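The exercises below concern the structure shown here. Each task is followed by a solution that proceeds step by step.

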Amino acid sequence: MKSIWTITKRELASFFDSLVAYVLIIIFLGLSGFFTWLSGSSNIFLINQADLQVFFGISYWTLFFFIPAITMRTLAEENRSGTLELLSTKAVSDWQIVVGKFLSSLLLILIALACTIPYYITVSKLGNVDHGAVIGGYLGLLMISAAYISIGVFSSATTNNQIVAFLLALFIGIFFQILFGVMASGLRGTLGEILNYLSARSHFESLSRGVIDSRDIIYFLSIITIGLLYSQTILSKRNWQS
Amino acid sequence: MGIIIENLVKSYGIQKAVNDTSFEIKTGEVVGFLGPNGAGKSTTMKIITGYMAPTEGDVRVDGVSVLENPEEVKRRIGYLPENNPLYTDMAIIDYLRFCAELQGVERSQIPVRIREMIELCGLKVEKHKKIGELSKGYRQRVGLAQAMIHNPEILVLDEPTTGLDPNQIIEIRKLIKELGKEKTVILSSHILSEVEATCDRILIINRGRIVADGTAQTLRQQSQGQEILTVQIESSNGTDVNKELLGLASVEKANPVDGKEGFFSVQSKPETSSRKPIFDLCVQNKWYLLEMTGTETNLEDVFRKLTN
């Protein structure tokens, strides 16, 4: 546990040192703020409802693009520069390395999301806010971020090229983001149901309406766990090839 | 206890980087792996440090198997990989703290250890710089410092002096010798003089196998086998000296040395010496024996002989 935290701390510090963190937070706040408060077609005053649905809808997409940009560096850069050899000959396991990297990206997203709490405060002054829906929305964003981070770390583990890691993460992510949903809508029966269950969108939407269902949570936790396990397998395959 | 390497095999496809190697390293020894590029030195080191698993065989450090308990083994080893990869975006002190925490150094001891390492590796002037801003020599020192931060019993250094200037090489060698007094050190190199200068014991590796094992002294003797003498003889009466030399019972080969009047290179048959017969021959023929020197085989020759 201590080793995981050591790795997480270092990674998080390097996000802030390299300005990645600041750029991410500023663009994220800028985009989501613009659409929530200013945009001519969708802003809160126009819709005239005191809720954060617009913000959650926008963040659902901005995070989808931002997260691969954060995670692409995590293991690909270590592979490229050879520092992975240094890291994995310290007294840490591959699992600890993977989880450390995962948590650092998750913390960065958490910080970015925390910066949007003033939106919530403002909206709650404007009218009667459905607090459950807001909490559910944030939980949904956090869950879907964690799932994409896990996919991103996995993509990063497979290559030593950051661009490849970025594109691979987007490619895998787009299935969960939208493609499974699109495919499901054209199909009936069991296959349609399976695809519908795999689509992140429906799970995210039910969370952001304030319905906190264990099925949705389990769905996201499964993606996270599978992503991390695969990342670990890829790392150890490289080290322990036979 | 030390390190025991048992029947190590590492194959990449059909190619065997390490081919059934077994040896033992005792605590406190400074061992040098010597071999041409691609001989399997780095691979062996990567297996010892737990970065790669062997295809067959095992490594035991103080009785702990690297396969069964890699983390315990890693804690006892300090490793400086080839090419010395480092996080270039970190400051030296932060980096050393990171390594110390990962290696499980006690929290209260971390600042003390960092100070000691900075002192020992001569990083004092540069300690607040980022690693990316350092020259190659200083990076190498950072690499050594991170390897020793948790005061390991064993140091594994893969080509510790590559890319350094001659002054830095001498300093690093001095440091390694110093460390070798209390620690087990394994280092690899393809520079013979380096291994000779720093190591108690030399393992020559070629094509994944150990082809020689011993001190610099014993290796020289082993390969020497046959005595080679350079003699200078002045014959007044114009006889063919070379022919006469070849006529001696103990001489296997004799050749005039190119460009040097009166010099001959004489190789004796195995396990015989030609010193006395040559002297007697000179006395008989009333020649003047002006010089007789034994040529010492250097490690370079041993190395070339064993790895070609």
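**Exercise 1.** State which residue of S7(B) stands opposite Ile77(B), and describe how the two strands pair.

*Solution.* In this predicted model, Ile77(B) has Ile154(B) of S7(B) opposite it. The strands concerned are S6(B) and S7(B), the latter covering residues 154–158 of chain B. Four bridges join S6(B) and S7(B), and their pairing is parallel.

**Exercise 2.** Determine which helices of chain B pack on the sheet at S7(B), and give the direction of each.

*Solution.* Begin with helix H5(B), residues 136–148, which touches S6 and S7 of chain B. The direction of H5(B) makes about 165 degrees with that of S6(B). Next, helix H6(B), residues 166–180, packs on the sheet by touching S3 (30–34), S7 and S8 (184–189) of chain B. Its direction and that of S8(B) make an angle of about 150 degrees.

**Exercise 3.** Place these strands in the whole sheet and explain why one side of S6(B) and of S10(B) is left without a neighbour.

*Solution.* First, write down the strand order: S6-S7-S8-S3-S9-S10 in chain B, an open sheet of six strands with mixed pairing. Second, locate the edges, which are S6 (77–80) and S10 (209–214) of chain B. Each of these has a single partner strand, so one side of each lacks a neighbour in the sheet. Finally, the average turn between neighbouring strands of this sheet is 15 degrees, direction ignored.

**Exercise 4.** Characterise the side of chain B that touches chain A.

*Solution.* Start with the counts: 22 residues of chain B contact 20 residues of chain A. Helices H2 (70–76) and H3 (92–102) of chain B each contribute at least two residues to this side of chain B. H3(B) provides the largest share, four residues. By type, this side of chain B comprises 11 nonpolar, six polar and five charged residues.

**Exercise 5.** Decide whether Phe34(A) is buried, exposed or partly exposed, and locate this residue in chain A.

*Solution.* Phe34(A) belongs to helix H2(A), residues 20–38. Within 10 Å there are 13 other C-beta atoms. A residue counts as buried at 20 or more and as exposed at 12 or fewer, so Phe34(A) is partly exposed. Its C-alpha atom is separated by 9.4 Å from that of Phe55(A), 21 residues apart along the chain.

**Exercise 6.** Identify where in chain A the confidence is lowest and where it is highest.

*Solution.* Chain A has a mean pLDDT of 90, with 98% of its residues at 70 or more. The lowest confidence is in helix H3(A), residues 44–47, with a mean of 74. The highest is in helix H6(A), residues 94–114, at 95.

Methods
Residues are numbered from 1 along each chain as its sequence is written. Chains are lettered from A and ligands numbered from 1 in the order in which they are written. This is a predicted model: local features need pLDDT of at least 70, side-chain atom pairs count only at pLDDT 80 or more; totals for chains, interfaces and linings use all residues. pLDDT is the predictor's confidence in each residue, from 0 to 100. Two strands pair if DSSP finds at least two bridges between them. Axes are lines fitted to C-alpha atoms, for helices over the stretch in contact, and angles run from 0 to 180 degrees between N-to-C directions. Two residues are in contact if their C-beta atoms, placed from the backbone, lie within 7 Å. Ala, Val, Leu, Ile, Met, Phe, Trp, Tyr, Cys and Pro count as nonpolar, Asp, Glu, Lys and Arg as charged, and the others, Gly among them, as polar.
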